[in-house]
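Me: Can you walk me through this one? I've just opened it and I'm new to it.

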Amino acid sequence: MVAFCKTPWYNECRDRDLAQFGSALRSGRRGHGFESRNPDLKGSSHELPFSFLQVLHKRNRIETAMYTAVKVIDCLILLGLYLFFFLGRLKGQPKLTICLKSLYYLYLCTVFYCTLVPIIPTFDAPSINLIPFRDYFFAYGDYHRQIILNILLFMPMGFFMAWHRRRSIFSTTLTCACISFAIEVLQPWITIGRVCDITDLITNTIGALLGCLIYRAFHRFIDKLNVLS
């Protein structure tokens, strides 16, 4: 079942509305000329009491502060895992190996941060899109940027996994696709405002495949370094 409500586009409209209202507050205007693009408020926002808009604006500021605090906590947990667990397992290895594996850990943290942070469990009905490249065909939001970023996000994973595990292109790409699938399944449940999107799964898999192909193209030179064995 495809759910179009509470999508990133919806949240973008809400945030734009509140930013416009905040500007009206600072300039002394009491909501006059405020027109919402949010489907829940459009056409009726001018009828809402000014006090209600103030509460809505304050609530948005509280939510932003809460999200920031949760993100900081998540980052501290990742840092603690690196210092007290991951780094300890690298003792005695060459410095170049430690640097490359630390760089790979930093990359995995970046993937985690971009896809699952902040971790705030939600019990709302999950938003799911099963139409491949729906945003592209319907011109929703910055679809070009999202497609490119999703491809770039998983290219290092395909490259490092093919280098470190020495597996076939198919096996490496399939593993990365499974990781992307797990992320997409978790997103609408543990992160507010996220959508389980098949387009992300496809573009992530394409990125992993490209990263794996880049490694295969230069593997004779890269394997001579012998630092990720």
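Me: Which way does α3 cross α5, left-handed or right-handed?
Reply: α3 passes α5 in a left-handed crossing. Left-handed is when the near helix is turned anticlockwise from the far one by less than a right angle, and right-handed is when it is turned clockwise. Helices here are DSSP runs (H or I, at least four residues), strands are E runs of at least two, and both are numbered from the N terminus.

Me: Is this a predicted model, and what's the fine print?
Reply: This is a predicted model, where local features need pLDDT of at least 70, side-chain atom pairs count only at pLDDT 80 or more, and totals for chains, interfaces and linings use all residues. Residues are numbered from 1 along each chain as its sequence is written, and side-chain values use heavy atoms, with hydrogens and water left out.

Me: Back to α3 and α5, what's the angle?
Reply: About 145°, with the axes of α3 and α5 10 Å apart. Axes are lines fitted to C-alpha atoms, for helices over the stretch in contact, and angles run from 0 to 180 degrees between N-to-C directions.

Me: Which residues of α3 and α5 make that contact?
Reply: Contact means heavy atoms within 4.5 Å. Among them are Tyr104, Leu108 and Val111 of α3, and Phe154, Met157 and Met161 of α5. By class, the α3 contact with α5 has 12 nonpolar, two polar and one charged residues. Nonpolar covers Ala, Val, Leu, Ile, Met, Phe, Trp, Tyr, Cys and Pro, charged covers Asp, Glu, Lys and Arg, and the others, Gly among them, are polar.

Me: And how do α5 and α6 cross?
Reply: The axes of α5 (residues 143-165) and α6 (residues 169-190) come within 9 Å and cross at roughly 135°. α5 and α6 are therefore oblique to each other. For the cut-offs, under 35 degrees is roughly parallel, over 145 roughly antiparallel, 65 to 115 roughly perpendicular, and the rest oblique. The crossing of α5 and α6 is right-handed.

Me: Who's touching whom between α5 and α6?
Reply: The α5 side includes Phe154, Gly158 and Ala162, and the α6 side includes Thr175, Cys176 and Ile179. The contact residues of α5 and α6 split into seven nonpolar, four polar and no charged.

Me: What about α3 with α6?
Reply: Their axes, those of α3 and α6, come within 10 Å and cross at roughly 50°. That makes α3 oblique to α6. Val111, Thr115 and Leu116 in α3 meet Ile183, Leu186, Gln187 and Ile190 in α6.

Me: New topic: how much space is in the second largest pocket?
Reply: About 530 Å³. Its lining has 16 residues, with Phe86, Tyr104, Tyr105, Leu108 and Met161 nearest the centre of the second largest pocket. α3 gives the most to that lining, with seven residues. The lining divides into 13 nonpolar, one polar and two charged.

Me: What counts as a pocket, and how is a volume worked out?
Reply: On a 1 Å grid over the protein atoms alone, a pocket is an open set of points where a 1.4 Å probe fits, with protein on both sides within 12 Å along at least five of seven lines, and lining residues have an atom within 4 Å of a point. Grid points are joined across faces, edges and corners, and a volume is the space filled by probe spheres set on the points.

Me: Last one: where is Pro118?
Reply: Pro118 lies in the loop between α3 and β1 (128-129). The peptide bond from Val117 to Pro118 is cis, with omega near 5°.
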